[in-house]
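The report below goes through one structure in running text, with a small table for the charged pairs. Please read it with the sequence and the coordinates at hand.

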Protein chains: 2
Amino acid sequence: MSSTISDIAKIAGVAKSTVSRYLNGGSVGDKTRKKIEQAIKEAKYTPNPFAQSLKAKKTNIIGTIVPRLDSYASSQTLIGIDEQLKRLNYQMLISNTSQSLEREIESIYSFANQKMAGIILLATEITEQHIEAFEAVKVPVLLIGQEHPEIHSVIHDDFHAGYAMGHYILEKGYRDIAYLGVTERDIAVGVKRKHGFKKAMEEVQQDCHVHYYETEFNIPAAQAKAREIIHDHQPPIFVCATDNIALGVLKAAYAEGLSIPKDLAVTGFGGYEVTEIIHPSLTTAKFFYQEAGETAAKHIVELVNERSVEKLTISKFKIIERESVDINLKHGI
Amino acid sequence: MSSTISDIAKIAGVAKSTVSRYLNGGSVGDKTRKKIEQAIKEAKYTPNPFAQSLKAKKTNIIGTIVPRLDSYASSQTLIGIDEQLKRLNYQMLISNTSQSLEREIESIYSFANQKMAGIILLATEITEQHIEAFEAVKVPVLLIGQEHPEIHSVIHDDFHAGYAMGHYILEKGYRDIAYLGVTERDIAVGVKRKHGFKKAMEEVQQDCHVHYYETEFNIPAAQAKAREIIHDHQPPIFVCATDNIALGVLKAAYAEGLSIPKDLAVTGFGGYEVTEIIHPSLTTAKFFYQEAGETAAKHIVELVNERSVEKLTISKFKIIERESVDINLKHGI
DNA sequence: CTGAAAGCGCTTACAG
DNA sequence: CTGAAAGCGCTTACAG
């Protein structure tokens, strides 16, 4: 069926090693080059990647571990990684773990076994076992979304995004605020965003009430929690640690017959596409997932080639002002 | 670094071929088995997949070609394929073509070159070049989303979904209808859905006006088109060929200050997650992407193993009644 | 510049 | 049941 390097050698009347040299950019005589090129075209030859990898003991594939495929952040990040990797002549192989940390660990070992040149992990939580696996496999690893002192990573600027969001709503006049966050096991989302936000809150002198709540990442959980809070004391604004949580709050608000942003303002973090599709649209801190993915791809390739890369890269963010916050708020100032 | 079959053979004091036989489930003596198992554990051995593939001239990887990563339908389908493939001990390799038909063709050849056991294509349009490529590579191929007489495929029931949707809105009393479709080059979405819908329209005796329009798949294009139509003659309902088009119509409606569903009703096809997040939520014909992906995975594995599979499988659908259609419509009946 | 040979890690007949 | 040998398609020193 498909032709091998030997076929080409035979057709061109040269040795296999010469063909191989040609293929790998080594020096080849002019006439020989012509003959080989002719033969390759004739036989539609294309090298067997397995034989190549077997020799090289390494592939040009970057294994990418992702907790879920059906999230805007994941998709965009993957697109960024994929496109950049293609440009650098690397391939991306995705392993979807369906939010199982156990599967994440397995994937690390499995990628190493498959001789991936490097591994990118779209991280949510870094456990001892992760670190252990990274050390064991001896393959370059890069984290996206979470940082760790021992591992290279590309993160979003969660702290400053939190700070900027806090600043923004204070400036709009809000002084009674519900912050709806997530577990602190997630350093980026659960800790950094909240801390940035807190810092902004602390800088205001007038009396300002902030209540901190915690919920899950999914919409129904956020919706239920919001309903509870609204029944309890109905704050004029919810600052939510993610766009999905904000969507849950919006659903709860509709169910209660509240009008956005008059009765209740809402903000998110993420900049998911859906936030501008809904009506009213959501004010949020947008992260640049695709760009972060591209940076991650560049960095892992550098690491694979044993060049040095800064340990921590911080991707930017932008506050997107939309309709879910009342910008003509009068009260409270 | 990582151990090879020779290491294991040495440690266990047997021949490589015996270890190989053990690994591949051949008959091995009891004592030998023990020794090999012990050695494998000791050396943490795990076979080199490249060497295996080089011999087998085939992998257990199914190449999956997808036009885009950032769409609900794609993600869900991929999740279905991935999970089912894992269960069957196959791996999925994704190639994202960013909606380039050219890249799609390239991916087919590239997958064949990488000795993929089979190829699944999330299809939008099947050209001559596709067929040519399929024939050239001699690798089992399966289409999802579009059908073709020569290729195995799993499709959604576009025709009956269109029919059911038509029936549904007629039943609700609508008689002046704008159908916002897409290019007929997309057989499933552009032709089948419309034809099913038309059939429902033809079955009604009373005078009923249906206008057929065409737009692009993306939200802004649909929004612009809807704006135009509304200015022109403002129909009481838009039946949209996809959920995204429906979202575009909703945006246009908000911009015009129309209230949904009182002033304008809207329906979609797809059952995207966002359709139940928005407010009012969207009435739509839901397809089962994940399930279709699972079926596709099962079928391609059957084909890889040279078992016979029905050429065409039709996945089901369900009309989801939500808030974007006025179910108490009085006029027009 | 070019070629013969060895070897990457595995599997598969073939003997024994 | 077990082992020696050949070979999958490629690359890499090493000679010439």
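## Surface charge, salt bridges and backbone details

At 47% relative accessibility, Glu150(A) counts as partly exposed, a class that lies between buried (under 20% relative accessible area) and exposed (over 50%), with a 1.4 Å probe and protein chains only. This is a predicted model, in which local features need pLDDT of at least 70 and side-chain atom pairs count only at pLDDT 80 or more, while totals for chains, interfaces and linings use all residues. Residues are numbered from 1 along each chain as its sequence is written, chains are lettered from A and ligands numbered from 1 in the order in which they are written, and side-chain values use heavy atoms, with hydrogens and water left out.

Glu150(A) is placed in the loop between β4 (141–144) and β5 (152–156) of chain A, where helices (H or I, at least four residues) and strands (E, at least two) are DSSP runs numbered from the N terminus. Together with Glu128(A), Glu132(A) and Glu135(A), Glu150(A) forms a negative surface patch. Such a patch is made of residues with over 30% relative accessible area and no salt bridge, like charges being joined within 9 Å and nonpolar side chains (Val, Leu, Ile, Met, Phe, Trp, Tyr) within 5 Å. Lys and Arg count as positive and Asp and Glu as negative, whereas His and the chain ends are not counted; the place of a charge is NZ of Lys, CZ of Arg, CG of Asp or CD of Glu. The accessible areas come from the Shrake-Rupley method with a 1.4 Å probe, and for residues only the protein chains shown count as cover.

### Salt bridges

Side chains of opposite charge can pair when their charged atoms come close. With a salt bridge taken as a side-chain nitrogen of Lys or Arg within 4 Å of a carboxyl oxygen of Asp or Glu, the count comes to 28 over all chains. Some of these pairs are set out here.

| Pair | N to O distance |
|---|---|
| Glu147(A) and Lys192(A) | 2.8 Å |
| Lys262(A) and Asp326(A) | 3.2 Å |
| Glu147(B) and Lys192(B) | 2.8 Å |

In chain B, Glu147(B) lies in the loop between β4 (141–144) and β5 (152–156) and Lys192(B) in helix α9 (residues 187–202), so that their salt bridge ties together parts that are 45 residues apart in sequence. Glu147(B) is partly exposed at 33% relative accessibility, and Lys192(B) is partly exposed as well, with a relative accessible area of 23%.

In chain A, Glu147(A) counts as partly exposed at 33% relative accessibility, and Lys192(A) likewise counts as partly exposed, at 23%. The pair Lys262(A) and Asp326(A) links distant parts of the chain, 64 residues apart, with Lys262(A) in the loop between α11 (243–255) and β9 (265–270) and Asp326(A) in the segment after β12 (317–320). Here the partners fall into opposite classes: Lys262(A) is exposed, with a relative accessible area of 62%, whereas Asp326(A) is buried, with 9%.

### Overall form of chain A

Chain A has 13 helices and 12 strands. Its radius of gyration is 26 Å, well over the 20 Å that the globule rule gives for 333 residues, so chain A is more spread out than a compact globule; the radius is taken over C-alpha atoms, and the rule is 2.2 Å times the number of residues to the power 0.38. Along the principal axes, the C-alpha atoms of chain A fill a box of roughly 90 × 40 × 30 Å, and buried residues make up 54% of the 333 residues.

### Backbone details

Most residues other than glycine have a negative phi, and most peptide bonds are trans. The peptide bond from Ile260(A) to Pro261(A) is cis, with omega near 0°, and Pro261(A) is found in the loop between α11 and β9 of chain A. The bond from Ile260(B) to Pro261(B) is also cis, with omega near 0°.

Asn89(A), in the loop between α5 (72–87) and β2 of chain A, has a positive phi near 65° and is exposed, with a relative accessible area of 63%. Gln99(B) has a positive phi near 60°, lies in the loop between β2 (91–96) and α6 (101–113) of chain B, and counts as exposed at 57% relative accessibility.
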